[in-house]
Amino acid sequence: MAATVAARRGAGLGPLPVLLLCAAAGSLVGAQITSETKEVPENQPVDIPCLAYSSHWSNPRIEWKFQKGSSLVLFYYGGQLTEPYKTRVQFSRTMIHFTTVTRADTGKYICEVVGDNSQIAKSEVNLIVQVPPSKPVAHVPTSATIGSKALLRCTETDGSPPPTFQWYKNSMLMPIDPKTSLSFRNSSYTLDPTTGVLTFEPVSSFDTGDYYCEASNNVGSPQRSEAIHMEASEVNVGGIVAAVVVLLMVLALAAFGIWFAYTRGFFSKRRE
């Protein structure tokens with residue numbers, strides 16, 4: 001209830017009456033609670049029922065709240081809709097009707113009803129506004145050292161419900177378990193379709209190839225990322241040795257230059 005009070009203050013509606021606070025506190029014990037999930041495409045209308053309402057109650061008090069993550073705001077209270085729902089929602093005792101929904105309306109709608117003799121009922125509707133995924137982005141390292149760990153990620157931000165991910169190598173679908181496929185049994189990786197993370201550990205020469213990912217949530221068509229080439233190669237020991245030799249030569253030349261300047265009295269002249 002503290003969240004409700006805070007929400008009313010944020011909306012400029014003032015504090016709740018003491019009787020309402022007591023009734024709400026009583027709702028924590030013995031309340032009837034029902035829950036359901038509804039999915040609707042974006043930009044379409046939807047009815048969200050208040051299953052807590054009973055027609056045999058003579059003068060029930062009805063309150064609607066909207067919860068998204070840790071945020072809880074008053075939706076309908078005191079016989080009126082709060083902003084910004086006044087122009088988008090129609091209220092009746094048995095439901096609220098959205099003329100159109102957007103992805104921002106995804107969340108939990110809570111209907112609380114206090115009836116005769118302070119009988120309390122509560123119903124919840126989890127609304128999922130369906131949005132097809134946008135084109136995902138594949139994060140693939142262009143090079144990976146054989147024997148090391150390589151992390152590939154697939155990200156997508158628009159899909160609702162959140163999409164699942166698949167990975168392709170050289171246009172071939174990668175199975176969740178590489179050991180189940182003759183084409184990938186020589187590779188060692190884990191693939192999480194929920195997060196879109198593909199982890200090679202360890203990287204092998206077999207893992208060189210072109211990689212792209214696909215996002216889908218059964219709303220609209222699956223979307224694919226651009227392909228990125230990853231080259232798996234051995235550690236270049238020769239290159240490392242050559243770089244060390246060059247560095248030592250540079251340091252030696254610098255030391256010789258300092259010694260030569262000192263023997264010629266350059267530093268003494270500078271002090272004079």
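## Notes on a predicted fold: ring contacts, strand pairing and two loops

1. Let me start with one side chain: Phe66 is buried, with a relative accessible area of 8%. That label follows because buried means under 20% relative accessible area, and the 8% for Phe66 falls within that range. Please keep in mind as you read that this is a predicted model.

2. Now for the overall picture. The protein has four helices alongside 19 strands. Of its 272 residues, 36% count as buried. Among contacts with a separation of 6 or more, 62% are between residues 24 or more positions apart. The exposed area comes to about 15,800 Å², with 58% of it supplied by carbon and sulfur atoms.

3. The aromatic residues deserve a look in your viewer. Searching the whole structure turns up eleven aromatic pairs. One of them is Phe66 with Tyr109, a tilted pair with 4.7 Å from centre to centre and 35° between the planes. This pair links distant parts of the chain, since Phe66 belongs to strand E3 (residues 61-68) and Tyr109 to strand E8 (residues 107-114), 43 residues apart. Is Tyr109 buried or exposed? Tyr109 counts as buried because its relative accessibility is 0%.

4. Tyr109 has another ring partner to check. Phe75 and Tyr109 make an edge-to-face pair, with 5.8 Å between centres and 85° between the planes. Here too the pair links distant parts of the chain: Phe75 sits in strand E4 (residues 71-77), Tyr109 in strand E8, and 34 residues separate them. Phe75 and Tyr109 are both buried. If you colour the rings, pick out Phe66, Phe75, Tyr85, Phe98 and Tyr109, which ring pairs link into a cluster.

5. Rings also meet charged side chains. Lys169 lies over the face of Phe206, 3.6 Å from the ring centre. Arg224 is placed over the face of Tyr168, with 4.7 Å to the ring centre.

6. Next, a sheet. Which strands form the open sheet, and in what order? Three strands build it in the order E2-E7-E6, with antiparallel pairing. Strand E2 (46-49) and strand E6 (89-92) are the edge strands, each pairing on one side only. On average, neighbouring strands of this sheet are turned by 15° against each other, direction ignored. As a reminder, strands of a sheet pair through backbone hydrogen bonds, either parallel or antiparallel. E6 and strand E7 (residues 95-98) run antiparallel and are joined by four bridges. To find the register by eye, start at Val89, whose bridge partner in E7 is Phe98. Phe98 is also a member of the ring cluster in point 4.

7. Strand E19 is worth tracing for its pairings. E11 and strand E19 (residues 228-233) run parallel, joined by three bridges. Within that pairing, Ala144 has Ala232 in E19 as its bridge partner. Strand E17 (residues 209-216) also pairs with E19, in the antiparallel sense and over three bridges. Tyr211 stands opposite Ile228 in E19.

8. A loop residue leads back to E19. Where is Pro141? Pro141 is in the loop between strand E10 (137-139) and strand E11 (143-145). Pro141 counts as partly exposed because its relative accessibility is 26%. Pro141 and Ala232 are 91 residues apart in sequence, yet 9.9 Å apart in space from C-alpha to C-alpha. Beyond its neighbours within four places in sequence, Pro141 is in contact with Leu151, Leu152, His229 and Met230.

9. One more loop residue rounds off the tour. Glu156 lies between strand E12 (150-155) and strand E13 (164-169), in the loop. Is Glu156 buried or exposed? Glu156 counts as buried because its relative accessibility is 13%. Glu156 and Lys135 are 21 residues apart in sequence, with 7.0 Å between their C-alpha atoms. Leaving aside neighbours within four places in sequence, Glu156 is in contact with Pro133, Ser134, Pro136, Pro163, Phe165 and Ala215.

Technical notes. Residues are numbered from 1 along each chain as its sequence is written. This is a predicted model: local features need pLDDT of at least 70, side-chain atom pairs count only at pLDDT 80 or more; totals for chains, interfaces and linings use all residues. Side-chain values use heavy atoms; hydrogens and water are left out. Helices (H or I, at least four residues) and strands (E, at least two) are DSSP runs, numbered from the N terminus. Buried means under 20% relative accessible area, exposed over 50%, partly exposed in between (1.4 Å probe, protein chains only). Contact means heavy atoms within 4.5 Å. Accessible areas come from the Shrake-Rupley method with a 1.4 Å probe; for residues, only the protein chains shown count as cover. Rings of Phe, Tyr and Trp (its six-membered ring) pair if their centres lie within 6.5 Å; planes under 30 degrees apart count as stacked, over 60 as edge-to-face and the rest as tilted. A charge sits over a ring if NZ of Lys or CZ of Arg is within 6 Å of the ring centre and within 35 degrees of the ring normal. Two strands pair if DSSP finds at least two bridges between them. Axes are lines fitted to C-alpha atoms, for helices over the stretch in contact, and angles run from 0 to 180 degrees between N-to-C directions.
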